[in-house]
Number of protein chains: 2
Amino acid sequence: MTRERIVGDGRDTAFRRPTINDVAALSGVSKSTVSNVMRQTGSVSDATRRRVVEAVERLGYRPNATARNLVMQRTNLIGVLVGDLANDFNAELVKRIEQHASAAGYTTLVCNTGGHAEREGSRIEALLEQRVDGIALLDFTGDRAVLSQLLGERVPVAMVSCWSEYADCVAVDDMVGVGLAVQHLVELGHRRIAYAVDPLMEATTRHSRAEAFDRVMLRSGLPPRSEWTVLCGTGDDGGDDAAMLELLRGEAPPTAIVAANDHTAIRLMELLEGAGRAVPGDVSLAGIDGIDTAGLSRIALTTVAQPKEELASLGVALLLGRIESGYDAPPQQRRLRPALIVRQSTAPPR
Amino acid sequence: MTRERIVGDGRDTAFRRPTINDVAALSGVSKSTVSNVMRQTGSVSDATRRRVVEAVERLGYRPNATARNLVMQRTNLIGVLVGDLANDFNAELVKRIEQHASAAGYTTLVCNTGGHAEREGSRIEALLEQRVDGIALLDFTGDRAVLSQLLGERVPVAMVSCWSEYADCVAVDDMVGVGLAVQHLVELGHRRIAYAVDPLMEATTRHSRAEAFDRVMLRSGLPPRSEWTVLCGTGDDGGDDAAMLELLRGEAPPTAIVAANDHTAIRLMELLEGAGRAVPGDVSLAGIDGIDTAGLSRIALTTVAQPKEELASLGVALLLGRIESGYDAPPQQRRLRPALIVRQSTAPPR
DNA sequence: TTGAAAGCGCTAACAC
DNA sequence: GTGTTAGCGCTTTCAA
């Protein structure tokens with residue numbers, strides 16, 4: 001395996017990667033033939049194929065995707081936009097998505113937006129310049145305007161663990177999920193239940209889950225109280241741990257909290273115990289997502305688990321389907337069933 | 001913002017994204033001028049610039065990076081190869097790397113290899129076909145042959161939280177890190193200390209850390225015992241939880257365990273407590289990495305923390321430096337100092 | 001200050 | 001079976 005060296009161009013160690021032309025020249029055929037051999041298309045005689053293959057190996061030739069991308073108008077690249085990779089749930093989703101995408105011949109560009117609108121915009125801009133074939137929005141915490149833009153530009157988009165009427169989506173049913181958690185707490189005897197929101201969560205989803213929360217509460221005959229929906233976290237855009245503590249210090253404080261995701265629930269567990277409130281002794285805690293950490297016996301967080309593998313595989317399937325079969329089919333929407341996992345962070349109120 | 005529609009090509013809704021030619025035509029200039037305007041190079045009169053900009057907006061023109069990549073022989077793409085994104089440490093490193101890379105104008109391709117040699121190979125192949133400008137190897141658990149190949153192909157490589165003599169690297173000093181943990185345990189009074197290895201850890205690193213472990217033990221006047229270095233985990237390539245339990249059931253079992261990383265340490269904590277061994281009552285446990293989860297009060301894992309932010313920023317700096325200033329400078333090696341964080345998972349032996 | 005022209009490395013339609 | 005040719009959408013000399 002050698003590589004051509006160009007001498008005297010100023011940097012005497014400049015290497016030029018071999019191109020299809022080099023292979024063609026060395027094996028004494030045309031570049032179309034080389035192309036046919038590489039892609040196993042057309043028909044080439046065994047003899048020429050062998051010569052080409054040999055030249056390929058001699059030169060260490062590797063097809064240049066930038067050229068292929070240009071001519072094919074297709075990159076086999078997909079973008080993944082995620083709010084926070086430090087959230088286990090997202091990390092695992094990304095990991096699985098990359099796995100499925102790769103198995104299907106796609107390479108994955110990952111962008112961590114951190115919930116910042118400008119960052120989100122610029123990342124997407126970069127993805128679009130690179131002409132990714134499609135974009136997966138993960139647990140999308142961003143601006144809906146972004147989504148409309150994407151859809152407007154006819155970029156294939158799949159939403160994984162988040163939702164929009166206008167795009168392909170796969171997610172669990174928020175209503176069912178929140179319902180499962182609330183019902184469990186109600187059955188334990190809780191009546192005063194608060195809702196903790198991740199500040200990294202976008203307004204629409206936040207509202208929709210909060211609304212789900214309210215509705216489920218109502219269904220259980222409990223009056224929803226807007227001041228019991230608390231932003232809780234340390235995102236740049238605020239999120240105020242103090243608010244939750246404040247709430248718990250009031251009279252007739254909540255005896256249980258549902259957190260919008262496990263990440264937040266675990267932060268909250270830490271916060272509460274740091275402030276001297278026992279979980280579940282003083283306050284019960286339930287999360288949503290089903291991350292591994294929640295399952296550790298020392299954490300033992302009751303949670304509504306999302307089927308991560310199905311989310312990832314279906315998400316990729318939807319995205320690739322959209323990419324490969326065109327933009328005009330109506331959006332496909334898949335609702336998955338979440339499952340309540342009861343652990344030790346929830347108990348009857350005192 | 002409109003876009004051209006092509007009618008009668010079979011798919012009447014086929015869209016063609018506007019090209020530089022469309023902009024040139026609409027604004028009545030040549031494409032070189034458009035190019036100059038877009039890249040803010042050359043000199044264009046204010047009048048023409050305005051016309052071009054207007055056309056760009058009218059058409060919703062976005063430069064096609066696939067074409068630019070081809071002609072520039074540069075993609076502004078970097079690859080990140082990581083063993084396991086479900087390991088918090090890696091996830092956080094990836095997140096930060098993406099941040100820094102993006103700030104410098106690069107987009108990040110992430111590949112999760114899961115420690116599989118073939119997967120590793122095929123992912124790298126894909127990255128190289130896409131002509132990434134460089135590759136970051138994260139906490140690299142893979143085959144050294146892979147690295148030699150990369151280096152042989154003169155692809156800029158930076159190793160982050162892992163090490164090779166021949167590439168740019170930034171990592172903490174294993175010897176110091178392991179030493180910190182062992183010394184802490186020795187000071188607590190432990191003499192029988194075992195070492196738990198993550199099976200997703202590559203042989204060389206595994207050996208180097210294990211060797212560091214042995215040496216540090218010796219330095220403390222403790223006889224290293226090879227059978228006390230136990231593979232512990234559930235990778236596909238084995239890793240045998242039973243072995244560790246076995247070891248603890250023997251006579252004169254270890255009173256403390258150092259785990260090769262926090263991920264493993266926490267798994268181990270779970271395993272031990274599931275088997276009825278208290279941590280730190282029956283056995284003390286120390287990890288390496290300093291992931292967030294280790295800091296939760298319920299976990300309270302004593303650990304040797306790596307400076308994640310420095311690893312990420314330096315790693316990116318090294319990689320971009322290599323990309324932008326050529327392949328021939330000698331490799332730069334940066335050792336960072338780890339820091340011991342003592343929590344409740346370690347205590348004097350009974 | 002602007003434009004014409006020559007590629008970058010590949011695919012694909014069409015000749016031979 | 002194989003080669004020729006014409007682009008894909010850009011950047012970059014070099015003239016004008």
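This passage describes how two protein chains and two DNA strands are arranged in a predicted model. Local features were considered only at pLDDT of at least 70 and side-chain atom pairs only at pLDDT 80 or more, whereas totals for chains, interfaces and linings use all residues. Residues are numbered from 1 along each chain as its sequence is written, and chains are lettered from A and ligands numbered from 1 in the order in which they are written.

Chain A can be superposed on chain B with an RMSD of 0.1 Å by a turn of 180 degrees and a shift of 0.0 Å along the axis; the fit was made by least squares on the C-alpha atoms of residues with pLDDT of at least 70 in both copies. The two copies are therefore related as by a two-fold rotation axis. Within chain A, the residue closest to this axis is Leu109(A), with its C-alpha at 2.2 Å. The same surface serves both copies, as 100% of the contact residues of chain A recur in chain B.

The contact between the chains, in which C-beta atoms placed from the backbone lie within 7 Å, takes 46 residues from chain A and 46 residues from chain B. On the side of chain A, two or more residues come from each of H4, helix H5 (88-103), strand S4 (107-112), helix H6 (117-129) and helix H11 (262-274). Helices (H or I, at least four residues) and strands (E, at least two) are DSSP runs numbered from the N terminus. H5(A) gives the largest share, eight residues. This side of chain A comprises 17 nonpolar, 15 polar and 14 charged residues; Ala, Val, Leu, Ile, Met, Phe, Trp, Tyr, Cys and Pro count as nonpolar, Asp, Glu, Lys and Arg as charged, and the others, Gly among them, as polar.

DNA strand D is surrounded by 25 residues, each with its C-beta atom, placed from the backbone, within 6 Å of the strand. The closest are Val29(A), Ser43(A), Val71(A), Ile20(B) and Ala67(B). Helices H2 (31-39) and H4 (65-72) of chain A and of chain B each give two or more residues to this surface. DNA strand C is likewise surrounded by 25 residues, the closest being Ile20(A), Ala67(A), Ser30(B), Ser43(B) and Val71(B). H2 and H4 of both chains each supply at least two residues here. The surface near strand D divides into 11 nonpolar, 11 polar and three charged residues, and the surface near strand C into 11 nonpolar, 11 polar and three charged residues.

How values were computed. Two residues are in contact if their C-beta atoms, placed from the backbone, lie within 7 Å.
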